[in-house]
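Please look through the predicted model below with two topics in mind, cysteine sulfurs and aromatic rings.

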Amino acid sequence: MISLLFCWFRHQEFVARWKDSFSNPFPVLNSRSVRQGGILSAYFFAVYMDELSIKLTKCGVGCRVGSVVVNNVFYADDICLLASSIAALKIMLDICENYAVQHDLIFNLKKSVCQCFGDSSLSDARPLIRFCGKILQWSDTVRYLEFDINYNDRDYEEINRMRREIYARANLIASRFTSCSYEVKLYLFHTYFSTIYCSSLRVPVRRNILDKLRTAYIDAFRMIFGYSRRSSASLMLMENRIYDFYAIRRSACFSM
């Protein structure tokens with residue numbers, strides 16, 4: 001099985017497909033990283049890194065939920081360490097560093113940063129932390145999977161960025177696909193607007209912050225389908241069987 005996988009990764013070719021059209025084949029070589037977009041990549045990563053997760057959990061330091069140690073989160077090809085003190089963080093980083101040496105791993109230090117959550121007075125207490133021979137940088141905001149994680153646990157900047165992105169997408173689709181059929185426009189709207197990426201994670205203090213995002217969502221629908229700004233949002237969405245923004249958010253929160 002290992003020989004088969006080795007041959008597969010060394011000699012694989014890809015093609016891009018669009019409906020019934022195919023591009024010329026091109027080789028995809030695997031450097032010292034997890035292959036992006038591979039169906040088995042996440043599974044291989046989980047198998048290879050499972051022992052590290054067990055070691056981190058068994059060390060007993062870091063954050064807890066009740067009596068359960070929750071000091072590491074692994075997803076796809078990323079690792080997040082959760083510690084309530086600098087000393088605990090250094091212990092876990094040492095475990096990761098030793099595991100990397102034993103298993104021939106290389107962590108991407110350019111993307112590895114530290115982030116402090118808590119009172120604003122803690123923002124100045126940022127000691128030097130070394131990992132694999134490099135000093136890790138401290139960051140107030142970390143971008144992960146197109147989502148900005150801010151140290152103060154409020155998402156104003158991320159919501160405003162999403163609002164601008166919604167209007168930009170709506171303008172682009174409305175200008176380029178103005179002569180398309182209703183079905184095509186509906187498909188495009190579902191594709192680019194019906195998820196409101198990461199809406200279940202946003203935690204604003206005031207409801208009116210989310211209302212601005214809802215307004216952008218409704219305005220996008222009006223622009224694409226040619227409704228006037230005075231048209232009733234509820235009636236417009238109901239007639240076209242489109243979920244309201246808060247219905248999408250509730251569904252996202254429930255599924256999470």
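## Disulfides

In this predicted model, the structure holds 0 disulfides, and two of its cysteines can show why, since a disulfide needs two cysteine sulfur atoms within 2.5 Å. For cysteine 63, the closest cysteine sulfur belongs to cysteine 80 and lies 9.1 Å away, which is too far for a bond. Cysteine 63 itself counts as partly exposed, because its relative accessibility is 27%.

A similar reading applies to cysteine 132, whose sulfur has its closest cysteine sulfur in cysteine 96, at 8.4 Å, and this too is too far for a bond. With a relative accessibility of 31%, cysteine 132 also counts as partly exposed.

## Aromatic pairs

The structure holds 9 aromatic pairs. In one of them, the rings of phenylalanine 45 and phenylalanine 74 have centres 6.4 Å apart, and because their planes meet at 40 degrees, the pair is described as tilted. This pair links distant parts of the chain, as phenylalanine 45 sits in helix 2 (residues 41-59) while phenylalanine 74 sits in strand 7 (residues 72-75), 29 residues apart.

Are these two rings buried or partly exposed? Phenylalanine 45 is buried, because its relative accessible area is 12%, which falls under the 20% cut-off, whereas phenylalanine 74, at 23% relative accessibility, counts as partly exposed.

## An aromatic cluster

Aromatic residues also come together in a group, for Tyr182, Phe189, Phe193, Tyr217, Phe221, Phe225 and Tyr227 form one aromatic cluster.

How values were computed:
Residues are numbered from 1 along each chain as its sequence is written. This is a predicted model: local features need pLDDT of at least 70, side-chain atom pairs count only at pLDDT 80 or more; totals for chains, interfaces and linings use all residues. Side-chain values use heavy atoms; hydrogens and water are left out. Rings of Phe, Tyr and Trp (its six-membered ring) pair if their centres lie within 6.5 Å; planes under 30 degrees apart count as stacked, over 60 as edge-to-face and the rest as tilted. Helices (H or I, at least four residues) and strands (E, at least two) are DSSP runs, numbered from the N terminus. Buried means under 20% relative accessible area, exposed over 50%, partly exposed in between (1.4 Å probe, protein chains only).
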